[in-house]
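Please open the model in your viewer and keep the sequence panel visible. The tour below goes stop by stop, with something to select at each one.

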Amino acid sequence: KPLFVLWTRGKVHFDPALFALMSLGVLVYALAQPAMAVVLGNNLLKPSLIISSIAGGVVILSIYLLVPALGLLGSGFALLAGELVALLGYQRTASAWLSNNGLDWPGAAYHPVVLSVIVSGITMLGIACLPRWNFVFFSIGLVVLMVNLKSYLHHLPILAKSKMAGFISKMPGGHRLAVALKSLIK
């Protein structure tokens, strides 16, 4: 709740489901960043404009349809829908561009990231909608995310793993964590 009040500057009454939807929208946006980097970094302006226009249209249409029935919660769904459309558009465009240039989308490393966003979304919405079960949702979500982290670390390139271990070992008390990390990702 304090994060929501800070985020909205106290202008919006705290709604746990709305907060979960808005947070999930931010995670989906972050998930789209690698694909956006490929598209925008290669000056694929026409596809980028099309994706942005379609995503914006989805948001506007969703707001028109959902806000009268659901209030602000409808706007949370609308923004999430727009982010999902943008994610799919950028993902398809980036994959096609990479394929046309003899490269592959790093799916093995990307799939655990997608799973982490899905698990986080289910966990947040479960906590928001069923507050009596918040400890159960939190615990299960945390366990699944930790198992998923192992998969993600396993698929990272060796250079990324060694850089991460080196960075962690420089932190106070990080040597033991770096050793644990190395054993986890083997």
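Select A55 to begin. This is a predicted model, and in it A55 is buried, with a relative accessible area of 10%. Buried here means under 20% relative accessible area, so A55 falls in that class. Colour helix 3 (residues 45-70) and you will find A55 within it. Now show what surrounds the residue: leaving aside neighbours within four places in sequence, A55 is in contact with G82, V85 and A86. For a long view across the model, draw a distance from the C-alpha of A55 to the C-alpha of I127; the two are 28 Å apart in space and 72 residues apart in sequence.

**Zoom out to the whole chain**

Switch to a cartoon of the protein. How many helices and strands does the protein have? The secondary structure comes to 8 helices and 0 strands, and the pattern read along the sequence is α-α-α-α-α-α-α-α. Along its principal axes, the C-alpha trace spans about 55 × 50 × 25 Å. Turn on the surface next. The protein exposes about 12000 Å², and carbon and sulfur atoms supply 72% of that area. Of the 186 residues in the protein, 32% are buried. If your viewer draws contacts, look at those between residues at least 6 apart in sequence: 60% of them join residues at least 24 apart.

**Helix 4: G89 and Q91**

Select G89, which is found in helix 4. G89 counts as buried at 18% relative accessibility. Add A32 to the selection: the C-alpha atoms of G89 and A32 lie 9.3 Å apart, although 57 residues separate the two in sequence.

Move on to Q91, also a residue of helix 4. Is Q91 buried or exposed? Its relative accessibility is 16%, so Q91 counts as buried. Beyond residues up to four places away in sequence, Q91 touches A35, W105 and Y110. Show those three as sticks around Q91.

**The largest pocket**

Select L24, V28, L31, L80, L84, L87, V114, V117, I118, G121, I122 and L125 together; these residues line the largest pocket. The space in this pocket is about 190 Å³. Which helices each supply at least two residues of the lining? They are helix 2 (16-41), helix 4 (72-100) and helix 5 (107-129). Colour the lining by helix, and helix 5 shows the largest share, with 6 residues. Then colour the lining by residue class: 11 residues are nonpolar, 1 is polar and none is charged.

**Helix 2: S23**

Select S23, which has its place in helix 2. With a relative accessible area of 13%, S23 is buried. Show its side chain along with the backbone of F19. A polar atom of the S23 side chain lies 2.9 Å from the backbone oxygen of F19. Then add W7 and M124, which S23 touches when residues up to four places away in sequence are not counted.

**Last stop: N43**

Follow the chain to the loop between helix 2 and helix 3, where N43 lies. Is N43 buried or exposed? N43 has 58% relative accessibility and so counts as exposed. Check the backbone angles here as well. Most residues other than glycine have a negative phi. N43 is not a glycine, yet its phi is positive, at about 55°.

To finish, put two of the stops side by side. A55 is buried at 10% relative accessible area, whereas N43 is exposed at 58% relative accessibility. A55 sits in helix 3, and N43 sits in the loop between helix 2 and helix 3.

Methods. Residues are numbered from 1 along each chain as its sequence is written. This is a predicted model: local features need pLDDT of at least 70, side-chain atom pairs count only at pLDDT 80 or more; totals for chains, interfaces and linings use all residues. Side-chain values use heavy atoms; hydrogens and water are left out. Helices (H or I, at least four residues) and strands (E, at least two) are DSSP runs, numbered from the N terminus. Buried means under 20% relative accessible area, exposed over 50%, partly exposed in between (1.4 Å probe, protein chains only). Contact means heavy atoms within 4.5 Å. Accessible areas come from the Shrake-Rupley method with a 1.4 Å probe; for residues, only the protein chains shown count as cover. On a 1 Å grid over the protein atoms alone, a cavity is a set of points where a 1.4 Å probe fits but cannot get out, and a pocket is an open set with protein on both sides within 12 Å along at least five of seven lines; lining residues have an atom within 4 Å of a point. Grid points are joined across faces, edges and corners, and a volume is the space filled by probe spheres set on the points. Ala, Val, Leu, Ile, Met, Phe, Trp, Tyr, Cys and Pro count as nonpolar, Asp, Glu, Lys and Arg as charged, and the others, Gly among them, as polar. A polar contact is a pair of N or O atoms within 3.5 Å; within protein, one must be able to donate a hydrogen and the other to accept it, and residues adjacent in sequence count only if both atoms are side-chain atoms.
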